[in-house]
Amino acid sequence: MRELIELQKKLLPDVLEIMQQRYAILRSIDLLQPIGRRGLAENTNITERSVRSEVDFFQKQDLIQITAKGMFITEEGKVILEKLASFMSEIMGLRVLEQQLQDKLSVRSAIVVPGNSDSHEWVKQEMGKASVAFLKTIIGDNNTIAVTGGTTMAAAARMMTALTNQGDPLFVPARGGIGEKVENQANTIASEMARKANGDYRLLYVPDPLSESAYQSIIQEPSVNETLQQIKSATIAMHGVGDALTMAQRRKTTDAIIQKLKDNYAVSEAFGYYFDGEGNVVHKVRTVGIQLEDLERMPYVITIAGGKSKARAIASYFKQGKSDLLITDEAAAEQILKGN
């Protein structure tokens, strides 16, 4: 396929450019539907005039449906997108980025989606779709899936679909809540994923972080302990990676701890652990839920994080944290490979 693409670039460069643009527009309609022409132009950075022309083309080909609410993709349009996905990844050079990331971060697999999630929310949804597609390849009977919170994981929950007809997957929060918006909390994400995947879920009503005395008291509660055991026995973990100082502020961390993070050059955060640029743990929050050592025995750990601004945090985490798959976006991948 690579050789064919290189030939097409030389002989029919205009055709490939048109394909990329139409693919991007159709994919955006699929992710953002129902959506109007103006919204589509803003999300794809394509002029309204060009969008209008392409929309007319899609409608004539029966790839989209236009209603008073906005545009929707048709079943035929979805089939076209699915069949083009692998080919378009090759054209955009994403397959090369994926291989380079695997080598640089020493991760078993990497999936790179187009765009920059710092700039466009739909890119997070693309990462979410990729995570759901991967889950469908590994899901089996009696799987327990632990999920963390955050905006990227919330986007993954929105893109969740039915996973399997073999047994009901159980979704659990990987840790307690940190007081952020309810839609971005692990409990909410676990329940939404379960509902859309035709699975079951358990909730963990525990604040995060906790003092040592509060931690020891809470884990003795029978209901908390039962859920904690289910979390610890999860077969799949799905989690994000945060910027260290941003996460510390979201947790309303004390000034003393924030200064400690700065003094130790903390870069990333995951599961309540703060890492420096070399992947060393410089601070740990006492939290009920998954600990780093728990990841070592899990068959699958999926990291979902993107955006150019998170490149250093992602690279930092992968120097220490265990993960079998990184799902990220083009902007983060390119920045990681630059080493900045």
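In this predicted model, Ser-28 turns out to be buried, with just 1% relative accessible area. That value sits under the 20% cut-off for a buried residue, so Ser-28 counts as buried. The residue belongs to helix 2, which covers residues 13–32. Leaving aside residues up to four places away in sequence, Ser-28 touches Gln-33, Leu-40 and Thr-44.

Helix 2 also turns up in the lining of the largest pocket, which has a volume of about 910 Å³. Along with helix 2, the elements giving two or more residues to that lining are helix 5 (75–91), helix 6 (94–105), strand 3 (109–113) and helix 7 (121–138). The lining comes to 32 residues, and those nearest the pocket centre are Ala-85, Glu-126, Lys-129, Ala-130 and Ala-133. Sorted by class, the lining has 16 nonpolar, twelve charged and four polar residues.

The second largest pocket has a volume of about 460 Å³. Its lining is made up of 31 residues, with Gly-149, Gly-150, Gly-242, Met-247 and Arg-250 the closest to the centre. At least two lining residues come from each of helix 8, strand 8 (242–243), helix 12 (244–250) and strand 9 (266–270). The class breakdown here is 14 polar, nine charged and eight nonpolar residues.

Two of those lining elements, strand 8 and strand 9, also sit side by side in an open sheet of four strands, ordered 8-9-10-11 and paired antiparallel. Strand 8 and strand 11 (281–284) are the edge strands, each pairing on one side only. Strand 8 and strand 9 run antiparallel and are joined by two bridges. Asp-243 has Ser-268 of strand 9 as its bridge partner. As for what holds such arrangements together, strands of a sheet pair through backbone hydrogen bonds, whether parallel or antiparallel.

Parallel pairing shows up around strand 7. This strand pairs with strand 4 in the parallel sense over three bridges, and Ala-146 has Ala-237 of strand 7 as its bridge partner. Strand 7 also pairs with strand 12 (residues 300–304), again in the parallel sense, this time over four bridges. In that pairing, Ile-236 stands opposite Tyr-300 of strand 12. Side chains in a regular strand alternate between the two faces of the sheet. Strand 7 follows suit: Ile-236 and Met-238 point one way, while Ala-237 and His-239 point the other way. All four are buried, whichever way they point.

Strand 7 (236–239) is also part of what covers the buried residues of helix 9. Other elements in that cover include strand 4 (144–147), helix 8 (151–158), strand 5 (170–173) and strand 6 (200–201). The buried residues of helix 9 are Ala-186, Asn-187, Ile-189, Ala-190, Glu-192, Met-193, Ala-194 and Ala-197. Note that Asn-187 and Glu-192 are on that list, alongside several alanines. Helix 9 itself takes in residues 186–197, twelve in total. From first C-alpha to last, the helix reaches 16 Å, close to the 16 Å expected at 1.5 Å a residue. Right after helix 9 comes Asn-198, with a positive phi near 60°.

Notes. Residues numbered from 1 in each chain as written. Predicted model: local features only at pLDDT ≥ 70, side-chain atom pairs only at ≥ 80, totals over all residues. Heavy atoms only, no water. Buried < 20%, exposed > 50% of the residue type's maximum accessible area, 1.4 Å probe, protein only. Contact = heavy atoms within 4.5 Å. Expected span 1.5 Å × (residues − 1). 1 Å grid on protein atoms, 1.4 Å probe; cavity = no way out; pocket = protein on both sides within 12 Å on 5 of 7 lines; lining within 4 Å. Points joined across faces, edges and corners; volume = space filled by probe spheres on them. Nonpolar A, V, L, I, M, F, W, Y, C, P; charged D, E, K, R; others polar. Pairing = 2+ DSSP bridges.
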